[in-house]
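Please open the structure in your viewer and keep the selection tool at hand. We will go from the whole chain to a few side chains.

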Amino acid sequence: MIIARRSTSPPSRFPAPRSSSPSYGLWRALTDFTYADNPFAWAWVGEFVGKAPVYLLFNDIGDHDRFRGFEFEDGSQVVPVLEKCDIFEFYLTNETADYLICFSHQEILYAAGTAKPWLQAKQLR
């Protein structure tokens with residue numbers, strides 16, 4: 001069973017990075033989003049993605065305007081993989097880019113698109 005395939009070209013609906021600075025995050029380009037300032041919020045993403053296919057993306061170390069990542073056929077495998085990693089800035093979306101979830105290096109979870117109402121509701125619980 002394939003858990004993830006390597007991917008270097010995320011869906012094209014992402015906002016374009018405006019800087020090649022290492023401190024730049026794709027989340028800075030979002031205009032309609034919500035966020036949760038919680039260092040453990042990365043573990044919540046499994047609730048949203050479920051078993052649907054998902055892209056796990058991160059900035060290329062040598063080129064911050066380029067993304068590297070993996071396509072998970074089963075989104076429920078994303079959190080178990082993240083649990084085995086050091087904390088890093090990552091992005092999640094689906095093939096049609098209906099949502100963008102970002103976990104920043106500042107340990108803030110951002111949600112846009114169809115993920116925005118999910119994160120808003122999560123914070124009310």
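This tour starts with the overall fold and then turns to aromatic rings.

**The whole chain.** Keep in mind that you are looking at a predicted model. Begin with a cartoon view: the chain has 3 helices and 7 strands. Following the sequence from its start, you should meet these elements in the order β-β-α-β-β-α-β-β-β-α.

Now switch on a surface. The chain exposes about 6900 Å² of accessible surface, and carbon and sulfur atoms account for 53% of that area. Of the 125 residues in the chain, 43% are buried. If you like contact maps, look away from the diagonal: among contacts between residues at least 6 apart in sequence, 64% join residues at least 24 apart.

**The aromatic rings.** Next, show the side chains of the aromatic residues. How many aromatic pairs are there by the ring-pair rule? The count comes to 9 aromatic pairs.

Select Phe 58 and Phe 70 as a first example. Their ring centres lie 6.4 Å apart with the planes at 40°, and an angle between the 30 and 60 degree cut-offs makes this pair tilted. The two residues come from distant parts of the chain: Phe 58 sits in strand S3 (residues 54–59) and Phe 70 in strand S4 (residues 67–72), 12 residues apart. Is Phe 58 buried or partly exposed? With 24% relative accessibility, Phe 58 counts as partly exposed, and Phe 70, at 34%, also counts as partly exposed.

Keep Phe 58 selected and add Phe 88. Here the ring centres are 6.0 Å apart and the planes meet at 85°; the angle is over 60 degrees, so the pair is edge-to-face. This pair also links distant parts of the chain, with Phe 88 in the loop between helix H2 (78–83) and strand S5 (90–93), 30 residues from Phe 58 in strand S3. Phe 88 has 26% relative accessibility, so it counts as partly exposed.

Now widen the selection. Which residues do ring pairs link into a cluster with Phe 58? Phe 70, Phe 88, Phe 90 and Phe 103 join Phe 58 in that cluster.

**A charge over a ring.** For the last stop, select Trp 44 and Lys 122. Lys 122 lies over the face of Trp 44, and its distance from the ring centre is 5.1 Å.

Terms used: Residues are numbered from 1 along each chain as its sequence is written. This is a predicted model: local features need pLDDT of at least 70, side-chain atom pairs count only at pLDDT 80 or more; totals for chains, interfaces and linings use all residues. Side-chain values use heavy atoms; hydrogens and water are left out. Helices (H or I, at least four residues) and strands (E, at least two) are DSSP runs, numbered from the N terminus. Buried means under 20% relative accessible area, exposed over 50%, partly exposed in between (1.4 Å probe, protein chains only). Contact means heavy atoms within 4.5 Å. Accessible areas come from the Shrake-Rupley method with a 1.4 Å probe; for residues, only the protein chains shown count as cover. Rings of Phe, Tyr and Trp (its six-membered ring) pair if their centres lie within 6.5 Å; planes under 30 degrees apart count as stacked, over 60 as edge-to-face and the rest as tilted. A charge sits over a ring if NZ of Lys or CZ of Arg is within 6 Å of the ring centre and within 35 degrees of the ring normal.
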